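Please look over how two chains meet, and where charged side chains pair. The report below goes through both topics.

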2 protein chains.
Amino acid sequence: MVTLNVEMKDVVQAYSRIRDYVAKTPLIYSKETSERVGSEVWFKMESLQIVGSHKIRGCMNNILQLSEEDLKKGVVAASSGNHAQALAYAAKLLGTTAVVCVPESTPMIKRHGVLKYGAKLVVYGADYNEAEAKAHEIEALEGRKYVHSFEANEAVAGQGTIAIEALLEKGDFDVILAPTGGGGLVDGLAIAAKALNPDIKVYGLQTDTSPPWYKSFYEKRLNNDCDFLPTCADGLEGEITWPNVDLAIRCGVDGIIVVSEQATREGVKWMAAKHHFMIEGSSAVCLAALFEGHEELKDKKVLCIITGGNIDLDKFTKICADKYDWE
Amino acid sequence: MVTLNVEMKDVVQAYSRIRDYVAKTPLIYSKETSERVGSEVWFKMESLQIVGSHKIRGCMNNILQLSEEDLKKGVVAASSGNHAQALAYAAKLLGTTAVVCVPESTPMIKRHGVLKYGAKLVVYGADYNEAEAKAHEIEALEGRKYVHSFEANEAVAGQGTIAIEALLEKGDFDVILAPTGGGGLVDGLAIAAKALNPDIKVYGLQTDTSPPWYKSFYEKRLNNDCDFLPTCADGLEGEITWPNVDLAIRCGVDGIIVVSEQATREGVKWMAAKHHFMIEGSSAVCLAALFEGHEELKDKKVLCIITGGNIDLDKFTKICADKYDWE
């Protein structure tokens with residue numbers, strides 16, 4: 001099994017490597033959310049990032065380190081959708097070819113993103129793990145370089161650059177909330193944020209419809225024995241692997257918060273109603289955690305990583321049909 | 001006596017505080033210097049900073065934290081010249097008044113800089129310490145806030161932002177060279193650089209015409225018992241105080257390198273001849289250290305902080321009259 005090892009210097013080097021290839025995304029204060037929940041709430045808008053999600057950071061950090069020779073072989077990856085688009089974009093930018101495998105649950109908008117940049121899209125399997133097995137088949141068959149979306153030091157270091165960018169813009173956050181699927185983001189954020197300020201708390205977020213991080217993190221062993229239920233947070237769903245949990249424990253992630261599916265849906269609508277931002281369910285878990293009033297967030301300056309904006313319009317309109325007392 | 005306490009989180013907050021008020025200065029690779037000395041040499045061009053030196057960073061970080069009430073009282077400081085100009089600029093920007101005391105050795109260009117921004121210039125005493133005593137007199141008499149140029153946490157944290165800016169642009173430096181007068185710069189750089197990458201070495205530089213940092217740092221006690229001789233590095237000359245040395249030892253500064261006055265003069269001419277940059281003698285100590293071939297710099301990626309560009313034209317032309325075998 002892979003053991004991940006990322007230090008602050010790796011995140012710093014990632015930042016210097018990718019800074020000309022990614023957007024410096026807006027850091028936005030939310031008066032509305034702050035007033036509702038009684039904390040000071042800010043959004044780091046990675047949904048406005050190139051290709052609509054933070055995944056381009058880890059992906060770019062990886063692909064920019066490939067040798068000329070490896071680059072010529074082309075790249076391959078599995079993804080729930082956002083890494084797929086990022087890799088397609090990065091491969092095109094650097095003049096090579098990409099094959100990406102996504103499970104059948106992948107939203108159409110993310111599939112279109114892949115095709116838009118000229119990559120080959122393989123839709124395979126019921127979940128991420130089946131898509132990943134397919135991608136490794138293609139790796140072996142075609143000799144392509146596998147670019148992992150979270151279980152790679154390069155991915156973790158790349159996602160960590162978000163913390164650097166945000167904290168240098170506003171230096172006094174108490175808490176960072178990180179939507180957690182594979183775990184590259186929560187790992188990278190913890191490594192970078194704690195190097196800049198050891199007092200900052202970093203929490204990973206999952207929905208109660210897919211909480212294997214919660215079980216694995218606190219039990220300190222891989223535990224995918226969950227009731228996986230349908231979720232609007234397609235980027236966070238499904239079984240996980242051990243290396244990113246192991247790194248999360250070692251690098252001082254402060255906890256995993258599980259939020260309800262309903263509060264997550266409410267978060268999507270809240271962002272649309274109050275800020276006119278379309279965000280993924282996978283990002284709305286940050287709002288869900290704030291709405292639910294978790295103790296760790298009370299009276300704090302909270303940085304929410306809004307990881308992506310790639311949500312299908314029909315799913316979005318269905319979520320917006322729910323009614324709330326704040327409307 | 002003051003005890004300085006600065007951590008990375010203070011430098012991060014300083015960065016977020018001052019970033020809209022200071023320039024992001026160029027980071028320049030020097031092919032010529034690299035080929036001559038056999039290391040990879042880069043310059044962080046704080047000589048192109050607002051008011052022509054890095055001092056605006058610490059100064060701005062200090063003055064932006066003053067209360068409305070304190071700001072109304074006006075500010076006062078002593079300086080060998082660059083902090084004086086920075087404070088004059090900052091005070092004008094924030095709509096208050098400044099009095100700055102400089103010793104008689106202060107170059108005309110730095111005096112003019114002070115007057116240009118509408119501050120009151122008091123030329124007093126043979127050295128920095130005499131000017132400082134005068135500034136404290138004015139502080140007591142007029143009730144102004146004293147803004148120290150190096151012996152203040154705010155100054156140290158402000159100068160440290162240079163390391164953040166440089167390392168996020170290029171993340172793989174081995175060594176940072178910091179001209180060292182009061183010591184705010186070397187302290188701040190060590191704190192920030194080592195938080196970003198613990199492997200980076202940070203050295204303070206002085207000339208052999210004014211080496212009290214060398215004595216004090218290695219003897220771990222204040223020792224100003226030096227033969228002070230005339231120097232082109234007016235920003236680094238004279239007696240020092242203990243708090244910044246104490247902090248340098250505590251925050252892991254790796255050493256103090258003493259360079260010759262002659263190599264420093266050569267550095268000024270080298271930068272003019274090879275790069276068409278006019279830099280202060282106080283900044284040219286970085287080049288001097290490289291020319292002299294100190295062991296610590298061999299085969300390394302070296303970041304030179306070119307702290308300032310405020311050199312009198314007549315002094316500059318005299319230095320350029322020296323002849324070298326590389327011409």
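A salt bridge here is a side-chain nitrogen of Lys or Arg within 4 Å of a carboxyl oxygen of Asp or Glu. E266(B) and R36(B) fit that rule, with their closest N and O atoms 2.8 Å apart. This pair links distant parts of the chain: E266(B) sits in helix α12 (residues 261-275) of chain B, R36(B) in helix α2 (residues 31-37) of chain B, and 230 residues separate them. E266(B) counts as buried because its relative accessibility is 11%, under the 20% limit. R36(B), at 33%, counts as partly exposed.

The model is predicted. Over all chains, the structure holds 50 salt bridges.

**Salt bridges**

Four of the pairs are listed here.

| Pair | Closest N to O distance |
|---|---|
| K9(B) and D199(A) | 2.4 Å |
| K269(B) and E327(B) | 2.7 Å |
| E266(B) and R36(B) | 2.8 Å |
| E169(A) and R19(B) | 3.7 Å |

K269(B) forms its salt bridge with E327(B). This pair, too, links distant parts of the chain: K269(B) lies in helix α12 of chain B, E327(B) in the segment after α14 (313-320) of chain B, 58 residues away. K269(B) is buried, with a relative accessible area of 7%. Salt bridges with shared partners also join R19(A), D20(A), K24(B) and E169(B) into one network.

K9(B) and D199(A) meet in a salt bridge. The pair crosses between chains: K9(B) is in helix α1 of chain B, and D199(A) is in the loop between α9 (184-196) and β8 (201-207) of chain A. K9(B) is partly exposed, at 22% relative accessible area. D199(A) is partly exposed as well, at 47%.

**The interface**

How much area do chain B and chain A bury between them? The value is about 1,600 Å², with 56% of it on carbon and sulfur atoms. In chain B, K9(B), L168(B) and L196(B) lose the most area to chain A, together 33% of what that side buries. Chain B brings 19 residues to the contact, and chain A brings 19 residues.

Between chain B and chain A there are 4 salt bridges. The interface also has 8 residue pairs in polar contact, both residues at pLDDT 80 or more. On the side of chain B that touches chain A, α1 (8-18), α8 (153-169) and α9 (184-196) each supply at least two residues. The most come from α1(B), with 6 residues. The residues on this side of chain B divide into 8 nonpolar, 4 polar and 7 charged.

**Symmetry**

A 180° rotation with 0.0 Å of shift along its axis superposes chain B on chain A, with an RMSD of 0.0 Å. The two copies are therefore related as by a two-fold rotation axis. Which residue of chain B comes closest to the rotation axis? A195(B) does, with its C-alpha at 3.0 Å. The same surface serves both copies, and 100% of the contact residues of chain B recur in chain A.

**R221(A)**

R221(A) lies in the loop between α10 (212-219) and α11 (242-250) of chain A. R221(A) is partly exposed, at 46% relative accessibility. Its side chain joins that of E219(A) in a polar contact of 3.0 Å. Leaving aside neighbours within four places in sequence, R221(A) is in contact with K215(A), S216(A) and W242(A). R221(A) and L236(A) are 15 residues apart in sequence and 19 Å apart in space, C-alpha to C-alpha.

Technical notes. Residues are numbered from 1 along each chain as its sequence is written. Chains are lettered from A and ligands numbered from 1 in the order in which they are written. This is a predicted model: local features need pLDDT of at least 70, side-chain atom pairs count only at pLDDT 80 or more; totals for chains, interfaces and linings use all residues. Side-chain values use heavy atoms; hydrogens and water are left out. Contact means heavy atoms within 4.5 Å. Buried area is the accessible area (1.4 Å probe) that two parts lose on being put together, summed over both. A polar contact is a pair of N or O atoms within 3.5 Å; within protein, one must be able to donate a hydrogen and the other to accept it, and residues adjacent in sequence count only if both atoms are side-chain atoms. Helices (H or I, at least four residues) and strands (E, at least two) are DSSP runs, numbered from the N terminus. Ala, Val, Leu, Ile, Met, Phe, Trp, Tyr, Cys and Pro count as nonpolar, Asp, Glu, Lys and Arg as charged, and the others, Gly among them, as polar. Copies are superposed by least squares on the C-alpha atoms of residues with pLDDT of at least 70 in both. Buried means under 20% relative accessible area, exposed over 50%, partly exposed in between (1.4 Å probe, protein chains only).
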